[in-house]
Amino acid sequence: MIKMRPSKLSLVSVILSVLLFSQCVLSQLQVGFYKDTCRLVEFIVKEEVVKAIIKDRGLAAALMRMHFHDCFVRGCDASILLDSIPSSIAEKDSFANNPSLRGYEVIDNAKARLEVVCKGVVSCADIVAFAARDSIEMAGGLGYDVPAGRRDGRTSLASEIIGNLPPPTFNVDQLTQMFANKGFTQEEMVTLSGGHTLGRSHCSSFSDRLYNFSGTLKQDASLDPTYAAKLKQQCPQGSTDPNVVVPMTSTPSIADAGYYIDILANRGLFTSDHTLLTSPATANQVAENAKNPIRWMAKFAAAMVKMGQLDVLTGSEGEIRANCRVTNS
């Protein structure tokens, strides 16, 4: 694959666009929030993220996805990290997250170190946000300043996944509406899709496109035949093995525009991928992102900053958990 070497001018434009967006964040979150209370926070989180990704490159995608799944349900409050309790099933054990979502131990390790040097200061929600940014950088994407000051929520319910996280079967109108409900434009929806489809997927998430598309007992005709044949080899009909996973893009460990190139070649893994070609507006955005990966990187970084502000708890709201997996009381 040919790698583009961006000009100095393009890089300056990219950086400026992210910095300008960062300055427009909601007032309750601040870049450098911990400068007087825990100066080493971002260094410690990044060190844990780097160590983990060196051992398992797939964790970069997992930690990005964790931030997305956290923010779209109840806001960015680290509810995704809470363990289930006898009286309720938590988000992490829902069908959308178990067994596909991983990387919890990276957050645990960072939190344990931070509790030693800055006890009771850094929220789990902020650790998740920092870790997502660091993962993007490790995957070759553009880094950005993370406004911090989030507090941790006390509730996590698997039942709240439906209606908040877009399933892989959604069409473009359904996706547009769900993202609009969270305050995102259609262009931001397409932009975020390119980063949150990194990594790998279990066969059950897309088997309908291979064997029973729209109840026809046939393959989705929009899938590239060669790609479909390869998927069928990896995911035989009726396979329920949770250990079998396939790459969601041709570059599953790299934060690049490969997702859009795949879609244009009819190699989108999910219905929610291919559907972006069914609307003139989103199809144009897919083509633009494929053509200009540097601009997409800047837009993705800005969209991540915006996503990190969704329904945040600040001030005296929520708590600062001592252990990210359980509430303090």
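The following exchange concerns the open and enclosed spaces, one helix pair and two backbone details of a predicted model.

Colleague: What makes the largest space a pocket rather than a cavity?

Modeller: A pocket is an open set of points, whereas a cavity is a set where a 1.4 Å probe fits but cannot get out. The largest pocket has a volume of about 910 Å³. Of the 40 residues lining this pocket, Arg65, Pro166, Pro168, Ser205 and Phe270 are the closest to its centre.

Colleague: Which parts of the chain supply the lining of the largest pocket?

Modeller: At least two residues come from each of helix H3 (59-71), helix H6 (172-181), helix H7 (186-195), strand E1 (200-202) and helix H11 (271-274). Domain 1 (40-160) and domain 2 (172-306) each give at least three residues to that lining. By class, the lining has 20 nonpolar, 15 polar and five charged residues.

Colleague: How many cavities of 30 Å³ or more does the structure hold, and what lines the largest cavity?

Modeller: There are three cavities of 30 Å³ or more. The largest cavity contains about 50 Å³ of space. Its lining consists of His67, Ala129, Tyr144, Asp145, Val146, Pro147, Arg150, Met304, Val305 and Gly308.

Colleague: Why are two residues in the lining of the largest cavity classed as charged, and two as polar?

Modeller: Asp and Arg count as charged, and the lining includes Asp145 and Arg150. His67 and Gly308 also line this cavity; these are polar because they fall outside the nonpolar and charged lists, Gly being expressly placed among the polar residues. The remaining class in this lining is nonpolar, with six residues.

Colleague: Why are H12 and H13 called roughly perpendicular?

Modeller: The axes of helix H12 (residues 280-291) and helix H13 (residues 293-307) cross at roughly 110° and come within 5 Å. Angles from 65 to 115 degrees count as roughly perpendicular, and H12 and H13 are therefore described in that way.

Colleague: Which residues of H12 and H13 meet?

Modeller: Asn289, Ala290 and Lys291 of H12 meet Pro293, Trp296 and Lys299 of H13. This contact has three nonpolar, one polar and two charged residues.

Colleague: What is notable in the backbone of the loop between H3 and H4?

Modeller: Pro99 is placed in this loop, which leads to helix H4 (104-117), and a cis peptide bond with omega of about 15° joins Asn98 and Pro99. Ala78 lies in the loop between H3 and H4 as well. Phi of Ala78 is near 60°, a positive value in a residue other than glycine.

Key:
Residues numbered from 1 in each chain as written. Predicted model: local features only at pLDDT ≥ 70, side-chain atom pairs only at ≥ 80, totals over all residues. Heavy atoms only, no water. 1 Å grid on protein atoms, 1.4 Å probe; cavity = no way out; pocket = protein on both sides within 12 Å on 5 of 7 lines; lining within 4 Å. Points joined across faces, edges and corners; volume = space filled by probe spheres on them. Helix = DSSP H or I, 4+ residues; strand = E, 2+ residues; numbered from the N terminus. Domains from an automatic or database assignment. Axes fitted to C-alpha atoms, helices over the stretch in contact; angles between N-to-C directions. Parallel < 35°, antiparallel > 145°, perpendicular 65-115°, else oblique. Contact = heavy atoms within 4.5 Å.
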